[in-house]
Structures are given as structure tokens and as C-alpha cells.
Amino acid sequence: MDSGFGYFATHDAVGPAVIARLVEERGHQALLFSEHTHIPAGEKPPERPEGGELPRKYWHTYDPFVACTAAGLATTRLRVGTGICLVPQHEPIGLAKTVASVDELTGGRFEFGIGAGWNDPEIRNHGVDPARRFAVMKDHVRAMREIWTHDEASYEGEFVAFGPIWSWPKPAQRPCPPILVGGTGPKVFDRVLSYGDAWLPNYFPGILDRVKELFRRADDAGKSVEVIVMSAPADPDVLQAMEEAGVGRAMAWLPSAGLDRVRREMDAFETALAEARGE
């Protein structure tokens with residue numbers, strides 16, 4: 001089982017290039033950056049899906065693709081990506097070029113973690129009906145695949161229509177960077193199996209039973225998928241159980257803070273990983 005970290009890269013914390021070099025130097029495989037284009041003001045911010053008051057880091061983040069580029073150019077082996085990109089909040093032709101550009105500039109080390117979002121006011125500010133956000137995401141991903149995989153691309157969908165068009169660069173990874181589908185809702189496996197390459201949930205008790213369910217469904221469909229778990233705790237028993245269940249990568253969140261605190265959090269996670277591996 002590989003390891004890595006998720007990070008809200010904010011302008012007032014350790015920068016993405018510094019974090020990326022540290023993660024790579026310490027032997028981890030990946031670093032994923034979160035995204036919120038904004039948080040609507042004028043009223044109390046909504047609670048997070050996992051509960052609790054919304055931290056200020058949610059409206060202080062760098063653009064994740066800019067952060068990925070900085071992180072990728074500061075490293076040589078580390079895989080960088082979005083954890084997650086809120087796909088319905090983007091125009092898909094432009095997003096396809098952005099993803100392909102980052103993948104090309106990082107030498108094929110980009111991972112495209114995606115989600116439909118949960119903050120309804122934020123979604124509406126992008127002109128998207130929150131009730132249709134999953135349908136929009138599906139349409140956008142399928143349209144982007146056409147752009148990535150065809151020299152002359154055309155697409156006709158419910159929310160996206162274009163073509164024929166030319167758009168380069170193409171991604172360095174073929175046919176495209178791996179698509180990591182976030183979320184834990186009842187239909188998430190339908191999305192993973194329809195247009196994803198991996199499931200990217202946050203850890204919660206009982207998740208490993210769902211990992212087994214996904215693998216069963218993937219086998220039935222004749223499809224190979226991976227599982228990458230975010231919010232992995234610094235608990236050797238949990239990490240060992242994740243590896244035994246077939247999780248391909250465990251990723252903990254790093255704090256949007258100074259370097260000393262970041263290192264302490266990394267130390268705790270690495271100690272738990274070593275114990276889980278019997279090192």
C-alpha cells in the first residue's frame with residue numbers, strides 16, 4: 001500500500017512546492033490538493049459533510065492546478081493531483097486543456113480527483129443546479145475524454161456540445177490521467193465504474209466493507225479499479241486493515257500551517273505506517 005497526503009494549499013501556510021519536496025523526500029508517492037473556488041459570504045457558512053464549522057482554509061486556497069504545477073515542477077517522482085476538483089464548477093473545454101497541460105508539464109504525474117461538490121450556494125454561483133450536479137459532472141468528464149483521446153473531437157451531451165475541435169496538448173498519460181472519483185453516497189460506485197479509474201473516499205468506520213463491495217462489482221463488470229483513501233488516521237491497526245482490504249494508497253490530511261506543525265503531523269502518520277508494516 002502506497003502513502004501520501006492531501007493538502008489545502010493556502011496563501012498563508014507552507015507553499016505547495018515546499019510541501020511537495022518534503023513529501024517526496026520522505027518517500028511518499030502522492031500529494032493531492034483540494035479545491036473551492038470561493039465560499040459564499042453574507043450568511044453563516046454551511047457545515048462540512050462530516051460535520052463541524054467550516055474552517056477558514058476553505059476560502060483561502062490556491063487554485064489546485066496552479067498548486068499541482070508548482071508541486072510537480074519542484075519534484076521528480078511525486079504524483080500530484082486534485083483531491084478533489086469540483087468538476088461542475090468548470091467549463092469542460094477549458095478544464096480539459098488545464099488537466100492536459102498539468103499532466104504534460106509534470107511528465108505524466110497528474111491524478112485527476114473529481115467530485116460534484118456539496119455546498120449548494122457555491123454550486124449555484126457557477127450557474128449549476130445542485131440537483132443536477134452529478135449529471136453535469138458525468139457529461140463534463142465524458143466530453144473531456146473525447147478531447148483528450150481524439151485529434152479532432154466532437155461531443156453531444158445534455159450539458160455540453162461542441163465539435164469538431166482541435167485542442168492540444170494531449171495528456172502525457174494515455175488515454176488520460178487516472179480519474180479518481182470522490183464521494184461516499186449510495187450511487188458512487190455507479191460513477192466509479194462508469195467513468196472512473198479509482199474510488200477516492202474519505203475514511204470512515206465501515207468503509208472497508210464498501211471496498212470489498214466495489215471490488216465485487218468491478219469483477220462482475222470486468223473492470224479493474226483502485227481504491228485510494230483520504231483522511232487515513234495515524235492508527236496502525238486501521239492502516240493494516242486498509243492494506244489487507246486491498247486499498248492501494250492511504251493518504252492523511254496535512255494542516256494548512258507552518259512547517260513545524262506539518263512535520264509533526266507527517267511524523268505521526270509515518271510512525272503509524274511503519275508499525276502497520278512491521279518495520
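In which helix is Asp139 found? Asp139 sits in helix α5, which covers residues 133–149. The model examined here is a predicted one. In this model Asp139 is buried, yet the residue has no salt bridge. The nearest side chain of opposite charge belongs to Arg142, and that side chain is 6.5 Å away. A salt bridge requires the nitrogen and the carboxyl oxygen to lie within 4 Å. Asp139 does have a polar partner in the backbone. A polar atom of its side chain lies 2.5 Å from the backbone nitrogen of Phe159. Phe159 is also among the contacts of Asp139 beyond its neighbours within four places in sequence. The others in that set are Tyr155, Gly157, Glu158 and Val160.

Salt bridges occur elsewhere in the model. A search of the whole structure finds 8 of them. One joins the side chains of Asp267 and Arg26, with an N to O distance of 2.2 Å. Asp267 belongs to helix α9 (residues 259–276), while Arg26 belongs to the loop between α1 (16–25) and β2 (30–33), so this pair ties together parts that are 241 residues apart in sequence. Both partners are partly exposed. Asp267 has a relative accessibility of 36%. For Arg26 the relative accessible area is 26%. Arg26 also forms a salt bridge with the side chain of Glu270, at 2.7 Å from N to O. This second pair again links distant parts of the chain, with Arg26 in the loop between α1 and β2 and Glu270 in helix α9, 244 residues apart.

A further salt bridge connects the side chains of Arg217 and Asp190, at 2.6 Å from N to O. Arg217 is in helix α7 (residues 207–221) and Asp190 is in helix α6 (residues 188–195), so the pair ties together parts that are 27 residues apart in sequence. Arg217 is partly exposed, at 29% relative accessible area. Asp190 is partly exposed as well, at 39%. Shared partners, in turn, join Arg26, Asp267 and Glu270 into one network of salt bridges.

Helix α7 was examined further. Its 15 residues should span 21 Å at 1.5 Å a residue, and its end C-alpha atoms are indeed 21 Å apart. The buried residues of α7 are Ile207, Leu208, Arg210, Val211, Leu214 and Ala218. Viewed down the helix axis, the buried residues of α7 fall within an arc of 150 degrees, so they line one face of the helix. An α-helix has 3.6 residues a turn, so residues three or four places apart point the same way. On the other side of α7, the exposed residues are Asp209, Arg216, Asp219 and Asp220. The cover over the buried residues of α7 includes α6, β8 (198–200), β9 (226–229) and α8 (236–244). Gly222 follows α7 and has a positive phi, near 70 degrees.

Helix α3 (92–105) gives a similar set of values to report. At 1.5 Å a residue, its 14 residues should span 20 Å, and the end C-alpha atoms are 20 Å apart, in agreement. Pro92, Leu95, Ala96, Val99, Ala100, Val102 and Asp103 are the buried residues of α3. Down the axis of α3, these buried residues fall within an arc of 165 degrees, so they line one face. Their cover includes α2, β3, β4 and α5. At the start of α3, a side-chain oxygen of Glu91 reaches to within 2.8 Å of the backbone nitrogen of Ile93. Just after α3, Gly107 takes a positive phi of about 70 degrees.

Helix α2 (residues 64–73) has 7 of its 10 residues buried, so the helix is largely enclosed by the rest of the structure. The buried residues are Pro64, Phe65, Ala67, Cys68, Thr69, Ala71 and Gly72. What covers them includes α1, β2, β3 (79–86), α3 and β4 (110–115). At the start of α2, a side-chain oxygen of Asp63 comes to within 2.9 Å of the backbone nitrogen of Phe65.

The loop between β2 and α2 contains Ala41. Ala41 counts as exposed, at 70% relative accessibility. Ala41 and Thr98 are 57 residues apart in sequence, and their C-alpha atoms are 28 Å apart in space.

Methods. Residues numbered from 1 in each chain as written. Predicted model: local features only at pLDDT ≥ 70, side-chain atom pairs only at ≥ 80, totals over all residues. Heavy atoms only, no water. Helix = DSSP H or I, 4+ residues; strand = E, 2+ residues; numbered from the N terminus. Buried < 20%, exposed > 50% of the residue type's maximum accessible area, 1.4 Å probe, protein only. Expected span 1.5 Å × (residues − 1). Arc of directions from axis to C-beta. Contact = heavy atoms within 4.5 Å. Lys, Arg positive; Asp, Glu negative; His and termini not counted. Polar contact = N/O pair within 3.5 Å; in protein donor to acceptor, adjacent residues only side chain to side chain.
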